[in-house]
Each structure stands twice: as structure tokens, then as C-alpha cells.
Amino acid sequence: MNKIINFHDITDGKWFEDTLDILKRKYRFVSIEEISEYYYKKKRLENSCHITIDDGDNTFYKVVYPILKKNNIPASILYQENS
């Protein structure tokens, strides 16, 4: 089973890291490129998970990004400029 999991406004780094640890036990984290190959080139993925982050606010840069980097977990960020 493959999943794309979206997070938003993460302020608790320990909670986020614990959540990633739980996901890591069941899934293999994959990049957006691998997701693209799955959809467009029929690449086989099993028990894969891609992390997305909604909104590029400060919680991403202060809390989420350091944890993703430390654990070498690929992720995508959706950034919408305020109009």
C-alpha cells in the first residue's frame, strides 16, 4: 500500500519525529520523482510513503526541515504566496 501524507503547521518537533518513526516502520519514504515515475512510467512501488508539507510557514523551516534533513527523508512543500 502506498501513501501520500500531508502535514500542516507542525509546532511539536518530538511529535513529528515520533510520527515519522512510526511511518518508517511500515513504509519506505520516496521522493516526488519516484511518485512521478509511478504514475507516468508505471514504476512499481510497494509500501511507499511520500511526505508533503502544506504551506511554507516558519514551522517548516524551524521544526520540520531539520528533522527531515537529519533523517534523510524526502518531502515536498506546497507554497502559496499570499495575495
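This is a walk through the structure above, from its overall layout to its side-chain pairs and its surface.

A word on the model itself comes before the tour. The model is predicted, so local features are given only where pLDDT is at least 70 and side-chain atom pairs only at pLDDT 80 or more, while totals for chains, interfaces and linings use all residues. Residues are numbered from 1 along each chain as its sequence is written, and side-chain values use heavy atoms, with hydrogens and water left out.

Let's start with the fold. The chain has 3 helices and 4 strands, where helices (H or I, at least four residues) and strands (E, at least two) are DSSP runs numbered from the N terminus. If you follow the sequence from start to end, you meet them in the pattern β-α-β-α-β-α-β. Taken along the principal axes, the C-alpha atoms fill a box of roughly 35 × 35 × 20 Å. Of the contacts in the chain with a separation of 6 or more, 59% are between residues 24 or more positions apart; a contact here means heavy atoms within 4.5 Å.

How much of the chain is buried? Buried residues make up 34% of its 83 residues. The word buried means under 20% relative accessible area, exposed means over 50%, and partly exposed is in between (1.4 Å probe, protein chains only). As for the outside, the chain exposes about 5,900 Å², and carbon and sulfur atoms supply 50% of that area. Accessible areas come from the Shrake-Rupley method with a 1.4 Å probe, and for residues only the protein chains shown count as cover.

Now for the aromatic rings. Rings of Phe, Tyr and Trp (its six-membered ring) pair if their centres lie within 6.5 Å; planes under 30 degrees apart count as stacked, over 60 as edge-to-face and the rest as tilted. By this rule the count comes to 5 aromatic pairs. One of them joins F7 and F16 edge-to-face, at 5.1 Å centre to centre and 90° between the planes. F7 counts as buried because its relative accessibility is 7%, and F16 is buried as well, at 0%. Another pair, F60 with Y65, is tilted, with 6.0 Å centre to centre and 50° between the planes. Here F60 is buried at 10% relative accessibility, whereas Y65 is partly exposed at 40%. Ring pairs also link F7, W15 and F16 into a cluster.

Charged side chains come next. A salt bridge is a side-chain nitrogen of Lys or Arg within 4 Å of a carboxyl oxygen of Asp or Glu, and by this rule there are 7 salt bridges. In one of them, the side chains of K70 and E17 meet at 2.7 Å, N to O. K70 belongs to helix α3 (residues 58-70) and E17 to helix α1 (residues 13-26), so this pair ties together parts that are 53 residues apart in sequence. Is each partner buried or exposed? K70 counts as exposed, at 59% relative accessibility, while E17 is buried, at 19%.

The salt bridge between D21 and K24 (3.7 Å, N to O) stays within helix α1, where its partners, 3 residues apart, are separated by about one helical turn. D21 is partly exposed, with a relative accessible area of 29%, and K24 is partly exposed too, with 39%. E46 and R44 form a further salt bridge of 2.3 Å, N to O; E46 is partly exposed at 47% and R44 is exposed at 68%. Salt bridges also link R28, E34, E37 and K43 in a network.

Finally, look at the surface. I4, Y38, Y39 and Y40 make a nonpolar patch of about 490 Å². Patches are made of residues with over 30% relative accessible area and no salt bridge, with like charges joined within 9 Å and nonpolar side chains (Val, Leu, Ile, Met, Phe, Trp, Tyr) within 5 Å. Which element gives the largest share of the patch? That is helix α2 (residues 32-40), with 3 residues. Y40 lies in this helix and counts as exposed, at 69% relative accessibility.

K41 sits in the loop between α2 and β3 (48-54) and is exposed, with a relative accessible area of 65%. The C-alpha atoms of K41 and N6 are separated by 24 Å, and these two residues are 35 residues apart along the chain.
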